[in-house]
Structures are given as C-alpha cells and as structure tokens.
Amino acid sequence: MSIATTPNYGLKKPDGSEKMNPAQFNYNADITDAELYKKRVITGASAPTTATVGVKGQFYLMDDGTKQVLYQCVAVAGSVYTWQNKAPCITAASAPSSNTVGTIGQFYLNTTTKNLYKCTAISGNVYTWDTVVPDPNFVKLMDITTSANALQVDLDVTGIDLTKYSMLHVFASLAVTPMGTATALYAKINNSGGYFAETMYNYSNYFRNFVAQFGCPSNDLGIARMDISGFTPVGSVVSGPLLIKSCGAGYSSGNYARDGFAFKQLSKLSDFASINFLTNSGSVYIAAGSRFEIYGVKR
C-alpha cells in the first residue's frame with residue numbers, strides 16, 4: 001500500500017499499525033540532514049569557486065571587509081560546484097561607469113532610461129557593465145547627446161564590429177542655431193558623399209557630397225533617420241557595398257519632409273569610420289542637446 005508523506009520534504013509517515021522500519025527512518029533522517037545543511041550559510045573572505053564545496057540551494061556569504069556579497073549554489077556536477085551571484089540590483093538615475101562598483105553578475109537599472117546593465121568583468125578598480133538588451137537581435141550601439149553647439153557632429157563607428165550586423169539604424173533628433181537659418185541638413189560617411197538620389201528626382205550615377213539630405217529647410221527642429229545596410233560581402237566585393245536609405249522631417253514656418261537613398265562603395269568594410277551630420281552653412285550650428293542614436297540589427 002502507498003505510504004503518506006509530508007507536503008514539503010516528502011518525509012515518510014507510517015500509520016499507527018505499521019512496525020518500525022529502519023529504512024524509512026534512515027530515509028527521513030537523510031532528507032532532514034540535507035535540508036538543515038542547506039540552511040547553514042557558508043562564509044568566506046573571497047568569492048566561492050567551482051571547488052567551493054556546498055549543496056544545491058545553499059548560500060555563501062562573502063565578506064572581504066569592504067562589502068558583502070551573497071551567492072547560492074545552483075548546481076553540483078561531481079566535484080564541480082556552480083555558485084550564482086545573488087547580489088541585489090543597483091538602481092540609479094544615470095548609466096553605470098567603469099567606476100561604478102559591482103560584482104560579477106550583478107544588475108544595474110538606470111531608472112531614467114529603464115536600461116538594464118550587467119557587470120560582466122572586474123579588473124582592479126575598473127568595472128565593465130554591459131547593456132542587457134531585451135531583443136538580442138536589436139542592439140543599442142551608441143546614444144550621444146551633444147553638450148555644445150557644433151558645426152559638425154561626428155559619430156565614431158570604428159568601435160563597432162560591422163561584420164556582426166546586417167543593418168545599422170541611425171536616429172537623430174536635433175535643432176539648429178541660430179534658429180530658422182539653415183536650408184538643409186546633410187549626413188556623410190567618412191566625411192564624404194556618395195551616389196545620392198531623392199525619390200522625387202530619381203537621379204542615377206550622380207555623385208553628391210553627402211549620402212543623405214534631410215527635409216528641414218530653415219529648420220528650427222529636425223528628425224532624421226538613416227538605415228545603412230550592405231555589411232555582407234558579396235563575391236569579390238569586400239565592403240558591401242553600402243546602401244543608405246534616409247528620411248527626415250522638420251518644421252520652421254511650415255512642415256517639410258524629404259527622403260532618398262544613396263550608394264557608397266568602400267575599398268573594405270573596415271574603412272567605415274564615421275557618420276557625420278552638418279548643415280549647409282558655416283555659420284549655422286547643430287544645437288547643444290541634439291541626440292544621436294545608433295542601433296544594430298544582428299545577423
């Protein structure tokens with residue numbers, strides 16, 4: 001017949017008519033011993049390693065005199081023990097820097113942008129915090145807000161491994177100063193242009209000194225977007241080539257919009273170094289507070 005057990009740990013409960021069974025007694029004793037041992041918190045001055053003995057579910061408190069970090073044993077395979085950092089999530093109104101103290105595996109929430117970061121490496125007093133992206137195929141690569149007026153804003157993309165992405169999405173929210181004085185806003189790649197066409201004109205084989213022109217004549221405020229693709233080499237073409245689809249809108253005394261596309265050939269993909277934004281006048285500045293974002297679409 002089946003024997004009754006306790007709801008939490010499955011201890012065996014023989015009824016009053018049964019004789020004492022040593023096997024059942026030992027079974028209950030083993031479970032009780034194991035569960036009580038889990039409640040014992042191990043302490044140490046350094047983080048646990050795969051050689052730190054414990055049982056699954058047990059906690060380990062590291063106290064090095066300056067901070068305390070809690071770990072939990074989540075797996076045991078032979079003599080290899082896996083300890084998981086159970087440190088609480090740090091919260092602050094700005095993004096973490098390399099000076100933001102944390103522990104490997106710890107999370108950090110920027111309460112302003114709602115971006116989540118994770119500490120992935122520590123070298124001395126330098127802490128590496130990587131963005132935790134909800135969609136692993138869509139990655140924020142850059143987010144810059146200008147702090148001063150500038151004739152030109154250059155986005156350095158040399159740190160982006162373009163071989164990992166099929167497309168870059170570039171977004172710009174910007175204003176000019178003096179307001180109402182610009183007649184065009186341009187974008188370039190490596191400070192040079194390409195074969196650009198507006199959909200209303202449909203030029204072919206026509207080189208221009210930019211790869212995008214946004215629709216903000218005499219603009220006070222402009223919104224621009226560029227989609228850059230062509231990072232996959234085809235045959236002997238090692239640079240792509242690049243296809244740039246652009247659109248933009250602006251407002252002055254009325255509403256303006258423009259879209260177009262461009263083709264740009266590089267000798268090799270690694271030559272792609274910068275994306276540049278500027279107006280058509282040396283006396284008109286892109287205003288402080290303009291924001292530029294780059295997102296990558298992974299292969």
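# A walk through the strands

Start with the whole protein chain on screen as a surface: the accessible area comes to about 16,500 Å², and 56% of that belongs to carbon and sulfur atoms. Areas here come from the Shrake-Rupley method with a 1.4 Å probe, and for residues only the protein chains shown count as cover. Before you click further, note that this is a predicted model, where local features need pLDDT of at least 70 and side-chain atom pairs count only at pLDDT 80 or more, while totals for chains, interfaces and linings use all residues. Residues are numbered from 1 along each chain as its sequence is written, and side-chain values use heavy atoms, with hydrogens and water left out.

**Cartoon view**

Switch to cartoon, and you get one helix and 24 strands. Both kinds of element are DSSP runs numbered from the N terminus: helices are H or I with at least four residues, strands are E with at least two. Of the 299 residues in the chain, 35% count as buried; that is under 20% relative accessible area, with exposed over 50% and partly exposed in between (1.4 Å probe, protein chains only). Among contacts between residues at least 6 apart in sequence, 55% join residues at least 24 apart, a contact being heavy atoms within 4.5 Å.

**The largest core**

Next, select Leu 155, Met 226, Ile 228, Phe 272, Ile 275 and Phe 277. These are the residues with the most contacts inside the largest nonpolar core, which has 39 residues. Strand S13 (residues 165-174) supplies the largest share of this core, five residues. A core in this sense is a set of buried Ala, Val, Leu, Ile, Met, Phe, Trp, Tyr and Cys residues joined through side-chain atoms within 4.5 Å.

Now centre on Ile 275. What does Ile 275 touch, leaving out residues up to four places away in sequence? The list includes Val 153, Leu 155, Val 170, Met 226, Ile 228 and Ile 294, and also Asp 154 and Lys 188.

Apart from the largest core lies another one, of eight residues, among them Tyr 60, Cys 73, Tyr 81 and Trp 83. While you're there, show Tyr 60, Tyr 71 and Trp 83 as sticks: they form one aromatic cluster.

**A four-strand sheet**

Colour S12, S22, S15 and S18 in that order. They make an open sheet of four strands with antiparallel pairing; strands pair if DSSP finds at least two bridges between them. Why do S12 (152-156) and S18 (212-214) each have one side without a neighbour in the sheet? Both stand at the edges with a single partner strand, so one side of each is left free of a neighbour there. Neighbouring strands of this sheet are turned by 20 degrees against each other on average, direction ignored.

Zoom in on S15 (residues 185-189) and S22 (residues 274-279), which run antiparallel and are joined by five bridges. Lys 188 stands opposite Asn 276 in S22.

**A stacked pair**

Stay on S15 and pick Tyr 186, then add Phe 210. Their rings are stacked, 4.5 Å centre to centre with 15 degrees between the planes. Tyr 186 is in strand S15 and Phe 210 in the loop between S17 (207-208) and S18, 24 residues apart. Both residues are buried. The structure holds seven aromatic pairs; rings of Phe, Tyr and Trp (its six-membered ring) pair with centres within 6.5 Å, and planes under 30 degrees apart count as stacked, over 60 as edge-to-face and the rest as tilted.

**Two asparagines in a loop**

Follow the chain out of S15 into the loop before S16 (194-198), where Asn 190 sits. Asn 190 has a positive phi of about 55 degrees although it is not a glycine, and is partly exposed at 24% relative accessible area. Asn 191 is in the loop between S15 and S16 too, with a positive phi of about 60 degrees and 41% relative accessibility, so it counts as partly exposed.

**Last stop: the hairpin**

Finally, select S9 (residues 116-123) and S10 (residues 126-132). The two pair in the antiparallel sense over seven bridges and form a hairpin with two residues between them. In the turn, Gly 124 has a positive phi of about 65 degrees. Tyr 117 stands opposite Thr 131 in S10. Now add S8 (residues 107-110), joined antiparallel to S9 by three bridges, and look for Leu 109 opposite Leu 116 in S9.

Conventions. Axes are lines fitted to C-alpha atoms, for helices over the stretch in contact, and angles run from 0 to 180 degrees between N-to-C directions.
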